[in-house]
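Work through the exercises below with the sequence and the model side by side. Try each task before reading its solution.

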Amino acid sequence: MFSYRHAFHAGNHADVLKHFVLIQLLKYLNQKDVAYSYIDTHAGAGVYALDSAQATKTAEFETGIAPLWERDDLPAPLAEYVQVIKDMNPSGKMRYYPGSPYCADIVAREQDRLRLFELHPADAKLLDENFRKLEQHAAAQGKRPATRGKRVIVNRADGFVGLKALLPPPSRRALVLCDPPYEDKQDYRKVMDMLNEALKRFPGGTYAVWYPLLQRIEARNFAERMKHLPAASWLNVTLCVSTPGPDGIALHTSGMFIVNPPYTLEPMLKQVMPYLVKVLGRDAGAKFTLESGEAATARKGGARS
Ligand code: SAM
């Protein structure tokens, strides 16, 4: 049950897509003063050392964040994402990579609330410790009073189950990130069940689901099924970095499916995704797709590559 550790994959091309989109979703929420909740149903450890034995084993970051690190022509939304990572590596050497909770902690404001679920005992402990250090560091710099237990809550619990108790959030503003391992094919069903329940309780929330495009049937149908959720609107963006190999095992394509996306997201992605394909693409099979729809009936969204 607990075989997945995100440390092996930190900073890969899928993390680039996920975290860059996440930061833009949070920045959109920041445009209004009213506080919001950021709920991470599968939070991971929060911070990853790229020189750890786990990260260097397959060095997936070398084909993810690394090609973006030294670029001086980044489109503004990607530059904002890379800046978050540069700020956590003040020596200039790319040593640490942020998980989704860290990205949220940096971008969300003092009045916002972070609710983080992580089931793996070791990663839940690391997440807790990482947030303890982050808060101490911020408090020492006078940036933020220690708000543990109020601003940030780490739950060692099942995020699929825990989400519903947090909806609707007090301020009626929330972004939910759902990023399970999908090693167990039941995760696809659990995401659908969770979203159906969440949309009943809080139809106005924004829900961002990361998913891998793998050979298994559950993965191939997944985005199509999410398009039929009872939601006002959706957006689906995928990034493919290479032609699928014959073994079908390596992760070459991942997607972010956003329920109730901000209207600014699609035009921004139209500008940024061709750049990501150019810089992260490894062969002629590299491409992106971007489509959107309204209500349960898809309006023509047209895939682009
Ligand atoms: N969201 C993280 C990020 O972007 O940095 C990465 C998360 S990783 C893909 C998935 C995490 O979900 C793993 O750390 C795993 O231990 C955890 N996990 C698996 N099943 C879970 C569940 N039912 N509830 C909460 N966490 C779970």
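A nonpolar core is a set of buried Ala, Val, Leu, Ile, Met, Phe, Trp, Tyr and Cys residues joined through C-beta atoms within 7 Å. Buried means that 20 or more other C-beta atoms lie within 10 Å of a residue's own; exposed means 12 or fewer, and partly exposed is in between, with C-beta atoms placed from the backbone. The model is predicted: local features need pLDDT of at least 70, side-chain atom pairs count only at pLDDT 80 or more, and totals for chains, interfaces and linings use all residues. Residues are numbered from 1 along each chain as its sequence is written.

**Exercise 1. The core**

Task: Find which residues have the most contacts inside the largest nonpolar core.

Solution.
- Step 1. The largest nonpolar core has 85 residues.
- Step 2. Those with the most contacts inside it are L26, L175, V176, A208 and V209.
- Step 3. Helix α1 gives this core its largest share, 10 residues. Helices (H or I, at least four residues) and strands (E, at least two) are DSSP runs, numbered from the N terminus.
- Step 4. Now take V209. Leaving out residues up to four places away in sequence, V209 touches C178, V191, M226 and F257. Contact here means C-beta atoms, placed from the backbone, within 7 Å.

**Exercise 2. The sheet**

Task: Give the strand order of the open sheet and name its edge strands.

Solution.
- Step 1. Two strands pair if DSSP finds at least two bridges between them.
- Step 2. The open sheet has 8 strands in the order β5-β4-β1-β6-β7-β9-β8-β10, and its pairing is mixed.
- Step 3. β5 (152–155) and β10 are the edge strands, each pairing on one side only.
- Step 4. Neighbouring strands are turned against each other by 10 degrees on average, direction ignored. Such angles run from 0 to 180 degrees between N-to-C directions, and axes are lines fitted to C-alpha atoms, for helices over the stretch in contact.

**Exercise 3. Two ends of the sheet**

Task: Work out in which sense β4 pairs with β5, and in which sense β8 pairs with β10.

Solution.
- Step 1. Strands of a sheet pair through backbone hydrogen bonds, either parallel or antiparallel.
- Step 2. β4 (residues 113–117) and β5 are parallel, with 4 bridges. R115 stands opposite I153 in β5, and L116 faces V154 of that strand.
- Step 3. β4 also has β1 (residues 37–40) as a parallel partner, again through 4 bridges. Y38 is opposite L114 in β4.
- Step 4. β8 and β10 (residues 287–294) run antiparallel, joined by 8 bridges. C240 stands opposite K287 in β10.
- Step 5. β8 pairs with β9 (residues 253–259) in the antiparallel sense too, over 7 bridges. Here W234 is opposite V259.
- Step 6. Check the burial. In β8 (residues 233–240), 7 of 8 residues are buried. In β4, 4 of 5 are.
- Step 7. Add a helix. α10 (residues 265–280) lies across β8, β9 and β10, at about 170 degrees to β10.

**Exercise 4. A helix crossing**

Task: Describe how α1 and α4 cross.

Solution.
- Step 1. Two packed helices are described by the angle between their axes and the distance between the axes.
- Step 2. The axes of α1 (residues 13–29) and α4 (residues 76–87) come within 9 Å and cross at roughly 105 degrees.
- Step 3. α1 is therefore roughly perpendicular to α4. The cut-offs are under 35 degrees for roughly parallel, over 145 for roughly antiparallel and 65 to 115 for roughly perpendicular; the rest are oblique.
- Step 4. α1 contributes H19, F20, I23 and Q24 to the contact, and α4 contributes P77, L78, E80, Y81 and V84.
- Step 5. By class, there are 6 nonpolar, 2 polar and 1 charged residues. Nonpolar covers Ala, Val, Leu, Ile, Met, Phe, Trp, Tyr, Cys and Pro; charged covers Asp, Glu, Lys and Arg; the others, Gly among them, are polar.

**Exercise 5. Backbone details**

Task: Locate the cis peptide bond, and find the phi values of A59 and R172.

Solution.
- Step 1. The bond from L167 to P168 is cis, with omega near -5 degrees. P168 lies in the loop between α7 (159–162) and β6 (174–178).
- Step 2. R172 lies in the loop between α7 and β6. Its phi is near 60 degrees, a positive value in a residue other than glycine. R172 is exposed, because 12 other C-beta atoms lie within 10 Å.
- Step 3. A59 is not a glycine, yet its phi is positive, about 45 degrees. A59 sits in the loop between α2 and α3 (66–69). With 14 other C-beta atoms within 10 Å, A59 is partly exposed.

Terms used
Contact = placed C-beta atoms within 7 Å.
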